[in-house]
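Reader: I have this model open at my bench and would love a close look at a single part of it, the surface. Please walk me through what is on show there, and how the rest of the chain is laid out around it.

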Amino acid sequence: MSDVITRPPFDPEFAPFLDALAARGPFRLTPEMLPRMRQLDVPLETLDDGLRARVL
């Protein structure tokens, strides 16, 4: 079994975002990461501003 997941069809507007993610290297979400991620208290507006600043 391969660790590579084929990207499903998506809206072409997402292409720059997905390419930027791929350029950062592989990302693996593990069950051990979830508790820490749940503790993050970042307002949605802050996340949006960060993505906009990166033109994503």
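Author: Happy to. The chain exposes about 5,600 Å², and carbon and sulfur atoms supply 62% of that area. Please keep in mind as we go that this is a predicted model.

Let's start with the nonpolar part of that surface. Seven side chains form a patch here: Phe 27, Leu 29, Met 37, Leu 40, Val 42, Leu 44 and Leu 47, with about 700 Å² of accessible area together. To find your way around the patch, try Val 42, which sits in the loop between helix H2 (34-39) and helix H3 (44-53). Val 42 is partly exposed, at a relative accessible area of 38%. Leu 44, another member of the patch, belongs to helix H3. With a relative accessibility of 58%, Leu 44 counts as exposed, because the cut-off for that class is over 50%. If you then look from Leu 44 back to Asp 3, you cross 41 residues along the chain, and the two C-alpha atoms are separated by 31 Å.

Now for the surroundings. The chain has three helices and zero strands, so its elements read α-α-α from the N terminus on. The radius of gyration is 14 Å, well over the 10 Å that the globule rule gives for 56 residues, so the chain is more spread out than a compact globule. Along its principal axes, the C-alpha trace spans about 35 × 30 × 20 Å. Buried residues make up 0% of the 56 residues.

One loop residue gives a handy sense of distance. Thr 30 lies between helix H1 (15-23) and H2, in the loop there, and at 28% relative accessibility it counts as partly exposed. From Thr 30 to Gly 50 the sequence separation is 20 residues, while the distance in space is 24 Å, C-alpha to C-alpha.

Charges are part of the picture too. The chain carries 7 positive and 9 negative charges, and the mean positions of the two groups are 6 Å apart. Side chains of opposite charge can pair when their charged atoms come close. How many salt bridges does the structure hold? There is one, and it joins the side chains of Asp 49 and Arg 52, at 3.2 Å from N to O. These two partners are three residues apart in helix H3, which means that about one helical turn separates them. Asp 49 is partly exposed, with a relative accessible area of 49%, whereas Arg 52 is exposed, at 56%. Helix H3 therefore holds Leu 44 of the nonpolar patch as well as the Asp 49 and Arg 52 pair, which makes it a good place to rest your eye when you turn the model.

Notes:
Residues are numbered from 1 along each chain as its sequence is written. This is a predicted model: local features need pLDDT of at least 70, side-chain atom pairs count only at pLDDT 80 or more; totals for chains, interfaces and linings use all residues. Side-chain values use heavy atoms; hydrogens and water are left out. Patches are made of residues with over 30% relative accessible area and no salt bridge: like charges are joined within 9 Å, nonpolar side chains (Val, Leu, Ile, Met, Phe, Trp, Tyr) within 5 Å. Accessible areas come from the Shrake-Rupley method with a 1.4 Å probe; for residues, only the protein chains shown count as cover. A salt bridge is a side-chain nitrogen of Lys or Arg within 4 Å of a carboxyl oxygen of Asp or Glu. Helices (H or I, at least four residues) and strands (E, at least two) are DSSP runs, numbered from the N terminus. Buried means under 20% relative accessible area, exposed over 50%, partly exposed in between (1.4 Å probe, protein chains only). The radius of gyration is taken over C-alpha atoms; the globule rule is 2.2 Å times the number of residues to the power 0.38. Lys and Arg count as positive and Asp and Glu as negative; His and the chain ends are not counted. The place of a charge is taken as NZ of Lys, CZ of Arg, CG of Asp or CD of Glu.
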